[in-house]
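Me: Please take one part of this model and look at it closely. A plain account in a single connected answer is enough.

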Amino acid sequence: MSYQLLKGKRGIIFGALDPNSIAWKVAERCHEEGATFVLSNAPVALRMGAINQLAEKCNAQVIGADATSIPDLENLFSKSQEILGGKIDFVLHSIGMSPNVRKGKIYTDLDYEYFHKTIDISSMSLHKVMQTAMKLDAISEWGSVIALTYIAGQRVFPDYGDMADAKAMLESIARSFGYHYGKFRKVRVNTISQSPTKTTAGQGVKGFGSFYNYADKMSPLGNASAEACANYCISLFSDLTKMVTMQNLFHDGGFSYTGVSKEVMDKFED
Ligand SMILES: NC(=O)c1ccc[n+]([C@@H]2O[C@H](COP(=O)([O-])OP(=O)(O)OC[C@H]3O[C@@H](n4cnc5c(N)ncnc54)[C@H](O)[C@@H]3O)[C@@H](O)[C@H]2O)c1
């Protein structure tokens with residue numbers, strides 16, 4: 001159902017790799033809600049080609065940008081404003097990658113070059129996106145920036161590896177930059193802490209299947225889907241949530257505040 005909550009709004013959506021991507025669902029919902037936007041991803045991801053189907057469906061243009069490259073981000077923000085005809089009202093940062101996790105390097109045997117890459121891609125890129133936007137004054141007053149995170153940034157999930165540290169930093173950057181961008185242009189910045197979701201990035205984590213099922217059994221509402229996450233993003237991009245900023249918002253069916261569920265207790269019965 002469409003409420004036209006984003007009618008007239010212009011956005012940039014990072015991270016739609018394939019139809020499972022959370023960013024893909026967000027783009028579809030933004031389109032339904034009346035927004036116009038540019039889709040962006042790393043050049044290597046664009047070569048896979050799936051994003052063009054999404055672009056066609058949403059009547060959007062695609063601009064490649066490695067989110068760790070300032071020149072790429074400057075080009076993205078400048079061109080997006082030209083294409084969309086004004087300042088940007090919303091940005092989705094849906095970017096994450098750990099070479100350590102990908103190569104199966106456990107937390108106590110990290111490759112530090114990879115660790116740098118994890119942080120640069122998965123956390124510092126959010127700072128780079130906002131600093132670039134601020135210098136170009138590219139985001140409109142009361143604009144909204146969202147980055148996606150996971151609860152392993154706050155509690156230990158051993159197989160999440162160095163992504164846990166990256167997520168902790170991502171959430172901190174959202175808070176710190178949220179202060180400065182709030183003062184500068186009343187731009188709000190939040191992270192959404194999403195349930196485990198069956199995507200390329202999600203399934204790259206060792207033992208993802210058990211992880212997913214455990215969270216589903218722990219959460220009173222079950223795991224939140226990518227589609228539900230997209231709906232939550234729409235609400236945060238809309239004018240209905242103007243005073244929400246610098247928050248880490250759990251979107252996890254209640255997982256984060258559940259000590260134990262009956263389903264999990266039953267598995268440990270004596
Ligand atoms: N899937 C889950 O279980 C889950 C749970 C909570 C949070 N998240 C977060 O959601 C976000 C989106 O992930 P997803 O699950 O949709 O998986 P995904 O694999 O579909 O998306 C990750 C995206 O990051 C992009 N990316 C990687 N390096 C990049 C770079 N240098 N520059 C620009 N883009 C780059 C990839 O191309 C891809 O589009 C990530 O931040 C992820 O950590 C995922």
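Reply: Asn59, just after helix H3, has a positive phi of about 55°. The model is predicted, so local features need pLDDT of at least 70, side-chain atom pairs count only at pLDDT 80 or more, and totals for chains, interfaces and linings use all residues. Residues are numbered from 1 along each chain as its sequence is written.

H3 itself covers residues 50–58 (helices are DSSP runs of H or I, at least four residues; strands are runs of E, at least two; both are numbered from the N terminus). Its buried residues are Ile51, Leu54 and Cys58 (buried: 20 or more other C-beta atoms within 10 Å of the residue's own; exposed: 12 or fewer; C-beta atoms are placed from the backbone). These three lie on the same side of H3, because they cover an arc of only 60° around the axis (the arc of the directions from the axis to the C-beta atoms). An α-helix has 3.6 residues a turn, so residues three or four places apart point the same way. On the other side of H3, Asn52 and Glu56 are exposed.

What covers the buried side? Among the elements over the buried residues of H3 are H1, strand S2 (36–41), helix H2 (43–46) and strand S3 (61–64) (contact: C-beta atoms, placed from the backbone, within 7 Å).

One of these elements also leads to the ligand. Helix H1 (22–32) supplies at least two residues of the shell around the ligand, and so does each of strand S5 (139–149) and helix H8 (200–203). The largest share, three residues, comes from H8.

Notes:
Contact = placed C-beta atoms within 7 Å.
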